[in-house]
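Student: Could we go through this structure together, with the reasoning behind each label?
Tutor: Gladly; here it is.

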Amino acid sequence: MSEQTREYPVGESPELPAPNHQPGAVKWVMENLFSSIPNGIVTILGLAFLYMVIPPFIQWAFIDSVVLGAESRQECNAINPDGACWAFIYRRWDQFVYGFYPADERWRVNISFILVAIIVAIALVERLRAIKGIIWVALALVVACIILIVGFFGLERVPTNKFGGFMLTLIIGLTGIFASLPIGIVLALSRLSTLPIFSIFATIFIEFIRGVPLITLLFIASTLLSYFLPPGTNFDLLVRVLIMVTLFSAAYLAEVIRGGLAAIPRGQYEAADALGLSYWKSMRLVILPQALKISIPGIVSSFIGLFKDTTLVLIIGLLDPLGIGQAAIADVKWIALSNELYVFIAIFFFIFCFSMSRYSLYLERKLHTGH
Amino acid sequence: MSVIDVQEKPPFSLGALWRDKKARAIIMQILAVIGVLLFFGWLVNNTVKNIENLGVSVGFDFLWNTASYDINQTLIDYKATDTHFKAGVVGLLNTLLVAFCGVILATILGFTAGVARLSNNFVLSRLMQVYVEAVRNVPVLLQILLWYGIIIHSFPRVKAAVPLMEGVIVTNRGLFLPQPLPQDGFGWVWIAFFVALIAAYMFRRYAKKVLDATGKQLPVLLASLTLIVVLPVITYYIMGSPLGVSTPELKGFNYVGGFAIKPEFLALWLALSIYTGAFIAEIVRAGILAVSHGQSEAAHALGIRPNLTMRLVVIPQALRVIIPPLISQYLNLTKNSSLAIAIGYMDLVATLGGITLNQSGRALEVMLIILSVYLFISLSISFLMNIYNERVKLVER
Amino acid sequence: MKILLPLAVGIAALAATSAASASTLSDVRDAGVVKCGVSTGLAGFATPDDAGNWQGLDVDLCRAIAAATLGDATAVEFVPLTSKVRFEVLKSGEIDVLVRTTTWTLTRDVGLGLNFAGVNYYDGQGFMVPTSLEGVNSALDLDGASVCIQTGTTTELNLSEYFRLNNMAYEPVPVETSAEGRSAYSAGRCDIYTTDASALAAQRSGLEDPSAHKILPEIISKEPLGPVVRHGDDQWLDIVKWSHNAMLNAEELGVTSANAVERSKDASNPAVQKLLGTADAGLGAQLGLSEDWAMNIITQVGNYGESFERNVGADTPLKLERGLNALWTNGGIQYAPPIK
């Protein structure tokens, strides 16, 4: 550094050798892997670890595994006792996807999957998002999904306890995500409101929900809610779970959005006031667009959290993929295939959550206008 | 004058009241209070009616009935003939135990992985990235089940287990370790330990004074460590080694004696720590990156040595960013420990909310207790965190 | 907090749409299905097969109730329940009847505000050990063992009491579901598996080598398992009770799903005719059902013996003996009051 800053009189600069530049893989390896002895040891240990883990896993999961052609675990073992027995996932694939949704009606779920994909595309592809009224299209599609899956207007009604598998995960996850966002915004605004009563109520609500484990809230939804409703009334367990999951997610979102709101410089609020905008208008047109933009990483990570938390419904007896799988491996034919089950479901969640987090990173970078 | 006339002209009307900002604020708040009160009144009313209809009694008297179930891991003495209340306390202590151990391990893992992710060693930083991404994106319940499965299926069975060393046995029924049994006179070792602690603290203060006065640095860390280790060890031998050891031995079905870490605890502990550690790693990384590069350059310019720069300049500033989310991860870990129920670790939700609830049928009361306990833990930690935030807040202009 | 108000309104609106009336029977008829709470998966009693159809002894009783009330044994909505939530779910009215290997005890019958409508399986708690465990021939040889036990049941109370009374120590290993229990037991996490003897047989049949495990002779408790309904609807209680009794009576009278139609025409046996509703005794009407209620049960589900053999009997992996569950005429204690 000192060489660069030293000043030489004109014409007297010494002849320096060209910078030591050793291109190619060797240099990269030397710099990044073996720059010092401890570094080299770490590298070797790391590579040894990878060698110990990856080849046996590939051997187990792919090379030695049995996917088709086995009707039971015994047959799996007969074909290859060392590998994974994925056959039960193949045999029960329909259950993993649809739960116990009646086989003849599954086309309705398939159509809904397509509609959901369209909604997600609308939410993701920004050229579509710019079109006004697109939100109404999305809402209409959501309503269409509900009609299709639950079955109104002459379609055969499918009771919600037949829902299960990935379909259930998506229903709970997506409902929680979309329904909790507006509630979370309202809660965050209330908590920051200058009206003390609103602020107090919002704070109590948020702190209560965030202070207890989701599993206790789900227990309440599944067992206690009937105490709080007028005698003789009850409504669907899935609806109760959806409400609880939404409230839970809303409380977490509210804190994320509150952080975003707090990060907006005061000048923005004052500017909105100076323009004579009403509270709601200033929020809608000036403050919230900026605050939500700042909060996007937080919002997405709480969505990811919510999506992962959908597995907890297993404990109150809803048959999410994990529940379906546990029922499957309780069957004499597929007994004790727990490793296969857990790995399979872990991969499913990883794909969803990882792509969500990548998308959030992408958005963050794109929306970062810089100051 | 005419302006006042105009204002006086319209008699009192609701519309006018609504257009007045202050009045509207008050009206809205009153409406909100009434609404919430009505809502809760409705809930309570329904609950009372429902309880009447079902003809069940309500109250906490069931807590004093005999629990009549056993718990395999307890921190305090507990028998099946004790009360449900005591079973609940045992569960709560188990919750706190796994939360405490989890917080420590998760912090170690998280800080290590967070720093390692910033390492210039390609293999190490990539490995850590894979760890963080893989673990964060898989539900923690699944990870708990997976770890439990691995432990009970891959660890050796009791009969097949070979001691790793004297008194250390790894089996799928737990890790058995020798347990030190303090005998008469061991109290003196404790006293020596505390004396050494105090002495180390005094020395540290003295060293700081010397540093401030003369700029000379005394070897604080070395001296304190020597004090804390040597003094108790000397006392131990002076008192004639007052420590027995109970080593686990295979008797009948199981190892007896020694100290056992149960697989349920181990699985929950590992899963929660590894899961939370991945989040902490991200927090630590972000915290270190958040300290502006100018800060370390400024320290270099002042001639502060690199490791001191890290300790005195970068870390204090990074901690300001790290600690609040870190605490909320600790809270998450504590709350996630309620998933213990999936593998049969007897925490609060499994004892009180599980077996007691099932035996007594007092769902309302039991859930009230459990919610209150978790709320109490969460709120007291948030309270402490707020105090910390106030203290480290940057003074804004 | 603003959201709570609309939420309350929403809840009220939703609740109003499904407000239950006083009579479970009319609810069932309106809904067109019987909502039946069953186990989340216990071989032989309630478990979904690869195609997602529920099967088992408990499931058959649910189907019998549906056949009696709606004339269609398939009009059942099975609600899989964990042992923890089962009573609250029943109390809330979410299900019409709970048939989930539930032990009839005083506390449950009286304290929880429920009614037991009979016993569809007489059970008792037993122990299963690997035969490789030397020197264990009785439950009294189990001092110091690790015991896998399903939580949320009466089993843990019996176990604790048994070991205490016999001055033996043990390590309880609580498991949540039978699948987890089997996995822990086969991995050697515990030496012994304890639960109701029927479930033990189911568990054993699910192990890799069933013959390598034996069930100890001791039965340490009485576990009468039966269907449960809410207090306060006697008509529904009667229907559940007599659906079960009809299956027992049918077996006693030799009426099976195959011969029921034929036997109903046989005027020589008044008991059969009363059972099958061809005697014009108006028995169905007394229950609020059609006269062919029992006929529907027998033709669509079968008698108790058929159901037993199909789900848990000698030809199934469970291979359970009739034992206590044989008819009283065959040395068992299944004794149904007569239908007349």
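Tutor: In α11(B), the buried residues are B:Ala318, B:Ile322, B:Leu326, B:Gln329, B:Tyr330, B:Leu331, B:Leu333, B:Thr334, B:Lys335 and B:Asn336. This is a predicted model, where local features need pLDDT of at least 70, side-chain atom pairs count only at pLDDT 80 or more, and totals for chains, interfaces and linings use all residues. Residues are numbered from 1 along each chain as its sequence is written, while chains are lettered from A and ligands numbered from 1 in the order in which they are written.

Student: What makes a residue of α11(B) buried?
Tutor: A buried residue has 20 or more other C-beta atoms, placed from the backbone, within 10 Å of its own. The cover over those residues of α11(B) includes α4, α6, α9 and α13 of chain B.

Student: Which residue marks the kink in α11(B)?
Tutor: B:Val314, with about 40 degrees, shortly before the proline B:Pro316. The bend is the angle between axes fitted to the seven residues ending at a residue and the seven starting there. The end C-alpha atoms of α11(B) are only 39 Å apart, short of the 45 Å of a straight helix at 1.5 Å a residue.

Student: Why is β11(C) called largely enclosed?
Tutor: Five of the five residues of β11(C) are buried, so the strand is largely enclosed by the rest of the structure.

Student: How do you know that β8(C) pairs with β11(C)?
Tutor: Pairing needs at least two bridges found by DSSP, and four join these antiparallel strands. One pair sets C:Gln125 opposite C:Asp196.

Terms used. Helices (H or I, at least four residues) and strands (E, at least two) are DSSP runs, numbered from the N terminus. The expected span of a helix is 1.5 Å times one less than its number of residues. A residue is buried if 20 or more other C-beta atoms lie within 10 Å of its own, exposed if 12 or fewer, and partly exposed in between; C-beta atoms are placed from the backbone. Two residues are in contact if their C-beta atoms, placed from the backbone, lie within 7 Å.
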